[in-house]
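Visitor: Could you walk me through this protein?
Guide: Gladly, let us look at it together.

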Amino acid sequence: MSNKKQKRIPEPLAAKRRARKRLVQALYQWQMNPSPAQDIITQFLTEQDMGKVDQHFFQNTFKGIIENMDEIRADIDPLMERSTFAVGEVEKAIMMIGVYEFKNYMETPYKVILNEAIELAKQYGGDGAHTFINGTLHKASVKLRPLEH
């Protein structure tokens, strides 16, 4: 048993963390079976437990990623050290969330976005995915948030 106490994060940050988890699921679903963004959002709002999720962040980020998919992929693809085809859909979803946040949520420090992506990769990604995602998103943060480095 560990003596290390877990720090409880403030509820608004916890709600955003839960939204990111739902975003991974929604983006995975969208990649496997593309549907209009609003249909997937409605499905999540009616079929998932979204009570403690930052729903505004979830909806705006999901729509924003879908609407800006080509631009987000153009930001990610050159930074990856492997073919896009060799990257799993979960990992792609996590990186899309990270890049979208880098570009659209300037109030969130890049280190927070990076850490959240690593934690999502540890929880949902394949073996070693967190290392790959860390490297790729770190490069993206240098490019997209140069003043924070």
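Guide: The chat below goes from the whole chain to a single helix.

Visitor: Where do these values come from?
Guide: This is a predicted model, in which local features need pLDDT of at least 70 and side-chain atom pairs count only at pLDDT 80 or more, while totals for chains, interfaces and linings use all residues. Residues are numbered from 1 along each chain as its sequence is written, and side-chain values use heavy atoms, with hydrogens and water left out.

Visitor: How many helices and strands are there in the protein chain?
Guide: The protein chain has 7 helices and 0 strands, where helices are DSSP runs of H or I with at least four residues and strands are runs of E with at least two, numbered from the N terminus.

Visitor: And how much of the chain is buried?
Guide: Of its 149 residues, 42% count as buried, meaning under 20% relative accessible area with a 1.4 Å probe, protein chains only.

Visitor: Switching to α6, which of its residues are buried?
Guide: In α6 the buried residues are Y110, I113, L114, E116, A117, I118, L120 and A121.

Visitor: What do they pack against?
Guide: The buried residues of α6 pack against α1 (11–32), α5 (89–104) and α7 (129–144).

Visitor: What span should α6 have?
Guide: Helix α6 has 15 residues (110–124) and should span 21 Å at 1.5 Å a residue, which agrees with its end C-alpha atoms being 21 Å apart; the expected span is 1.5 Å times one less than the number of residues.

Visitor: Back to the whole chain, what box does it fill?
Guide: Taken along the principal axes, the C-alpha atoms of the protein chain fill a box of roughly 45 × 40 × 30 Å.

Terms used: Buried means under 20% relative accessible area, exposed over 50%, partly exposed in between (1.4 Å probe, protein chains only). Contact means heavy atoms within 4.5 Å.
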